[in-house]
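Biologist: I should like to go through this structure with you and ask, at each step, what lies behind the terms in use. Would you show it first?

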Amino acid sequence: MTPTSPVAPMLRPDLVTTIGQPSPVLQEGVTSNIPVTVTNVGNAPATGPLTFTTNLPNGLTAPATFGQNGWTCITSGQTVSCTNPNTG
């Protein structure tokens, strides 16, 4: 008989990003908001800075800089990169 011992699960964050529907619907010349939610479904807190990057479809633009809820975003061409210091 071989003795066995349980293995404890590794504690780690697991971040899931959800991109919602734009409001109002995307139209040329109309400002819309696209909700982005980052959720930790892991079994440990996410520590340190968090970064989210996405590419906008051709023809869509975003402000050069913007932010909300602790996130700061920078747009370069069609790429939008957002960071959150996640200090607390």
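Modeller: Cys73 and Cys82 form a disulfide, with their sulfur atoms 2.1 Å apart. Please keep in mind that the model is a predicted one.

Biologist: Why is the pair of Cys73 and Cys82 called a disulfide?

Modeller: The cut-off is that the two cysteine sulfur atoms lie within 2.5 Å. The sulfur atoms of Cys73 and Cys82 are 2.1 Å apart, so the pair meets the definition. By this rule the count comes to one disulfide. In general terms, such a link is a covalent bond between the sulfur atoms of two cysteines.

Biologist: What is the handedness of the link between Cys73 and Cys82?

Modeller: The link is right-handed, with 110 degrees about the S-S bond.

Biologist: Are the two cysteines buried or exposed, and how do you know?

Modeller: Buried means under 20% relative accessible area. Cys73 has 5% relative accessibility and therefore counts as buried. Cys82, at 8%, is buried as well.

Biologist: Where does Cys73 stand with respect to β6?

Modeller: Cys73 stands opposite Cys82 in β6. The strands concerned are β5, residues 71-76, and β6, residues 79-84.

Biologist: What makes β5 and β6 a pair of strands?

Modeller: Two strands pair if at least two bridges are found between them. Five bridges join β5 to β6, which run antiparallel, so the condition is met. One of the contacts is that of Ser76, whose bridge partner in β6 is Thr79. The hairpin of β5 and β6 has two residues between the strands, and Gly77 takes a positive phi near 65 degrees there.

Biologist: How do you know that β4 and β5 are paired?

Modeller: Four bridges join β4 to β5, and at least two are required, so these strands pair too. They run antiparallel. Gln68 has Trp71 in β5 as its bridge partner. The hairpin of β4 and β5 also has two residues between the strands.

Biologist: What sets Asn69 apart in its backbone?

Modeller: Asn69 has a positive phi of about 55 degrees although it is not a glycine. Asn69 is placed in the loop between β4 and β5. Its relative accessible area is 67%; the cut-off for exposed is over 50%, so Asn69 is called exposed.

Biologist: In what order do the strands of the sheet follow one another?

Modeller: Four strands form an open sheet in the order β3-β6-β5-β4, with antiparallel pairing. Strands β3 and β4 stand at the edges; each has a single partner strand, so one side of each is left without a neighbour in the sheet. Neighbouring strands of this sheet are turned by 20 degrees against each other on average, direction ignored.

Biologist: Which residues make up the covered face of β5, and which the uncovered one?

Modeller: Trp71, Cys73 and Thr75 form the covered face of β5, while Thr72, Ile74 and Ser76 form the uncovered one.

Biologist: Why is Thr53 called partly exposed?

Modeller: Thr53 is in strand β3. Its relative accessibility is 47%, which is not under 20% and not over 50%, so the residue falls in between and counts as partly exposed. The C-alpha atoms of Thr53 and Ile74, 21 residues apart along the chain, are separated by 9.6 Å.

Biologist: How much space lies in the largest pocket, and which residues are closest to its centre?

Modeller: The space in the largest pocket is about 1,100 Å³. Of its 32 lining residues, the closest to the centre are Ser32, Asn33, Ile34, Ala62 and Phe66. The lining divides into 18 nonpolar residues, 13 polar and one charged. Strands β2, β3, β4, β5 and β6 each supply at least two residues of this lining.

Biologist: Why does Ala62 count as partly exposed?

Modeller: Ala62 has 25% relative accessibility. This value is between the cut-offs of 20% and 50%, so the residue counts as partly exposed. Ala62 lies in the loop between β3 and β4. Ala62 and Thr75 are 13 residues apart in sequence and 6.5 Å apart in space, C-alpha to C-alpha.

Biologist: Which peptide bond is cis?

Modeller: The bond from Ser23 to Pro24 is cis, with omega near -10 degrees. Pro24 is found in the loop between β1 and β2.

Definitions and conventions:
Residues numbered from 1 in each chain as written. Predicted model: local features only at pLDDT ≥ 70, side-chain atom pairs only at ≥ 80, totals over all residues. Heavy atoms only, no water. Buried < 20%, exposed > 50% of the residue type's maximum accessible area, 1.4 Å probe, protein only. 1 Å grid on protein atoms, 1.4 Å probe; cavity = no way out; pocket = protein on both sides within 12 Å on 5 of 7 lines; lining within 4 Å. Points joined across faces, edges and corners; volume = space filled by probe spheres on them. Nonpolar A, V, L, I, M, F, W, Y, C, P; charged D, E, K, R; others polar. Axes fitted to C-alpha atoms, helices over the stretch in contact; angles between N-to-C directions.
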